[in-house]
Amino acid sequence: MKNVTAVIGSQWGDEGKGKIIDYLASKADMVVRAQGGGNAGHTVVIEGKKYALHLVPSGVLNAGTINIIGNGVAFDPADFFSEIEELDAGGANIDGIYVSDRAHIVFPYHKTLDALAEKARGSDSIGTTLKGIGPCYTDKVERCGLRVCDLLDEDSFRAAFAQRVDAKNEIIVKLYGGTPLDKEAVTEEYVAYGKRLAPYVRDTSVMVHEAISAGKTVLLEGAQGSMLDLDFGTYPFVTSSHPTSGGFAVGAGIGLSTACEVIGITKAYTTRVGAGPMVTELTDEVGDMIREKGREFGTTTGRPRRCGWFDGVVVRHSARINGMTSLALMLLDVLDDFDEIKLCHAYEKNGEILEYFPASAVALKGSKPLYRTVKGWNASLTECRTWDDLPANAKAYISAVEEIAGVPVKIVSVGSGREHTIAREDIL
Ligand code: GDP
Ligand code: IMO
Ligand code: MG
């Protein structure tokens, strides 16, 4: 048993990370978000009530859990305050939320530039969530970003922000022909956020370190999925952070010597929202059936998700780059009504077999999925509560996933509620 567990999306996001964090958080002391920002949409369903989390960690629905927004997060104060107000009204535990003083701030010009850049890309647009994520991380790397600690010192913030707004307005107007931001109004808005934010701000890497040293149970909550990773995803159709275990180390401020469970949250099939390659995509009625049954529409943007069979090349790739120790196989109930179910174990292109996910979209183009077909179980899994309750064909499907991915499945999820979770072995 290890006291640090990383919960990582294996595919293109929306695998059910929020549900598993909430499930594991009942036994955890701390949940840490280390990357991404308001682009995330994590759903937790408790007794039929749905909560959508974007910036706030999904441990917030467990009383007593400390929830940390780490240094690697692209932090939007406006969205943060509206999210916690909504959570408070919904009865969540908003007392133990802390924000890193090192987190970079998403400003309105980041959102404006996100939209303008997407428009300028035309048919090559990425299909971003328009939450300003790419432009915020661009400023971080360019070394002209402003961080939470900068927001706390009003005078120096005013001076630095004035310079940033002028520079961004130049780009918005001269490069894109867009509408400039109202400098005075936006400055007052963010000065006010700085005052409101002060009680939440900490050096969160110290808090995480102290919790781990004291033997507390810490969950690292991934946003997005490994195939949206800047280095290992389907570049350029990716997000602008590292939703992988290495990214969590940097984004939470923990060292690689920390012993860690790494759980890959994995849909029993594949979805993707936004543009970019997806070899097992189904544009036929089978894809429509998965979308309908799985209610595959975005939590953040409401967009219909692209659906297809399980892609083992993707999950093997994710397992390797993250060092996954187990998988949580999610939304298995969505496959209840199929007579036959397919799992992709490799790609084929011009007679050549691809076992590893290639770097280049050009190399991937024209690749066809090679499938293993297994029998469906034609029964509802929603009432299954233990491993023994699962039909033999569902167990056979899980074994096929384990074999293709090379990682054991330790959690099986058969519905959106906490009760729909089958743990094969106590993970924590
Ligand atoms: P996240 O971004 O990884 O947290 O995932 P999302 O919340 O965006 O999308 C997952 C969706 O599937 C949510 O609507 C969940 O409530 C739902 N969900 C999670 N696990 C299951 C499951 O096992 N079965 C079904 N039917 N729905 C699930
Ligand atoms: P969760 O945490 C699914 C996708 C967008 C787009 C690409 C870049 O809920 O799994 P961005 O706004 O990050 O610059 O968009 O990444 N994307 C997600 N897809 N789930 C997410 O988060 C996503 N966050 C970003 O659709 O294709
Ligand atoms: Mg989501």
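Contact, in these legends, means heavy atoms within 4.5 Å. This is a predicted model, in which local features need pLDDT of at least 70, side-chain atom pairs count only at pLDDT 80 or more, and totals for chains, interfaces and linings use all residues. Residues are numbered from 1 along each chain as its sequence is written, chains are lettered from A and ligands numbered from 1 in the order in which they are written, and side-chain values use heavy atoms, with hydrogens and water left out.

**View 1. Ser318 and the residues it touches.** Let us start with Ser318, which sits in helix H11 (residues 312-322); helices (H or I, at least four residues) and strands (E, at least two) are DSSP runs, numbered from the N terminus. Ser318 counts as buried, at 0% relative accessibility. Buried means under 20% relative accessible area, exposed means over 50%, and partly exposed is in between (1.4 Å probe, protein chains only). Not counting residues up to four places away in sequence, Ser318 touches Ser10, Ser226, Met227 and Met324.

**View 2. The magnesium ion (ligand 3) and its protein donors.** Here Asp14 (OD) and Gly41 (O) lie 2.0 to 2.1 Å from the ion. Donors are N, O and S atoms within 2.8 Å of the metal (3.2 Å for Na, K and Ca); water is not among the atoms, so sites may look incomplete. The pair links distant parts of the chain, 27 residues apart: Asp14 is in the loop between strand E1 (4-9) and helix H1 (17-25), and Gly41 is in the loop between strand E2 (30-33) and strand E3 (42-46). Asp14 is partly exposed, at 22% relative accessible area, whereas Gly41 is buried, at 10%.

**View 3. Helix H7 (residues 183-197) and its buried side.** Look along the 15 residues of H7: at 1.5 Å a residue they should span 21 Å, and the end C-alpha atoms are 21 Å apart, which agrees. The expected span is 1.5 Å times one less than the number of residues. Buried in H7 are Val186, Thr187, Tyr190, Val191, Tyr193, Gly194 and Leu197. These residues cover an arc of only 160 degrees around the axis, which puts them on the same side of H7; the arc is that of the directions from the helix axis to the C-beta atoms. An α-helix has 3.6 residues a turn, so residues three or four places apart point the same way. Among the elements that cover the buried residues of H7 are helix H2 (77-89), helix H3 (108-121) and helix H6 (154-175). On the face turned away from the buried side you will find the exposed residues Glu184 and Lys195. At the N-terminal end, Asp182 caps H7, with a side-chain oxygen 3.3 Å from the backbone nitrogen of Glu184.

**View 4. The largest nonpolar core, with Tyr397.** A nonpolar core is a set of buried Ala, Val, Leu, Ile, Met, Phe, Trp, Tyr and Cys residues joined through side-chain atoms within 4.5 Å. This one has 67 residues, and those with the most contacts inside it are Leu220, Leu332, Leu335, Tyr347 and Tyr397. Helix H13 (residues 392-405) gives the largest share of this core, seven residues. Apart from this core lies another, of 41 residues, among them Phe81, Leu87, Tyr109 and Tyr200. Leaving aside neighbours within four places in sequence, the contacts of Tyr397 include Phe310, Leu332, Leu335, Val374 and Trp377. In soluble globular proteins, nonpolar side chains tend to be buried together.

**View 5. Helix H9 (residues 245-252) and its packing.** Gly247, Phe248, Ala249, Gly251 and Ala252 are the buried residues of H9. They pack against E1, E2, helix H8 (204-213) and strand E10 (218-221). After H9 comes Gly253, with a positive phi near 80 degrees.

**View 6. Backbone geometry at Pro236, Arg295 and Asn378.** Most residues other than glycine have a negative phi, and most peptide bonds are trans. The peptide bond from Tyr235 to Pro236 is cis, with omega near 5 degrees, and Pro236 lies in the loop between E10 and H9. Arg295, although not a glycine, has a positive phi of about 45 degrees; Arg295 is exposed, with a relative accessible area of 67%. Asn378, also not a glycine, has a positive phi of about 40 degrees and counts as partly exposed, at 46% relative accessibility.

Key: Polar contact = N/O pair within 3.5 Å; in protein donor to acceptor, adjacent residues only side chain to side chain.
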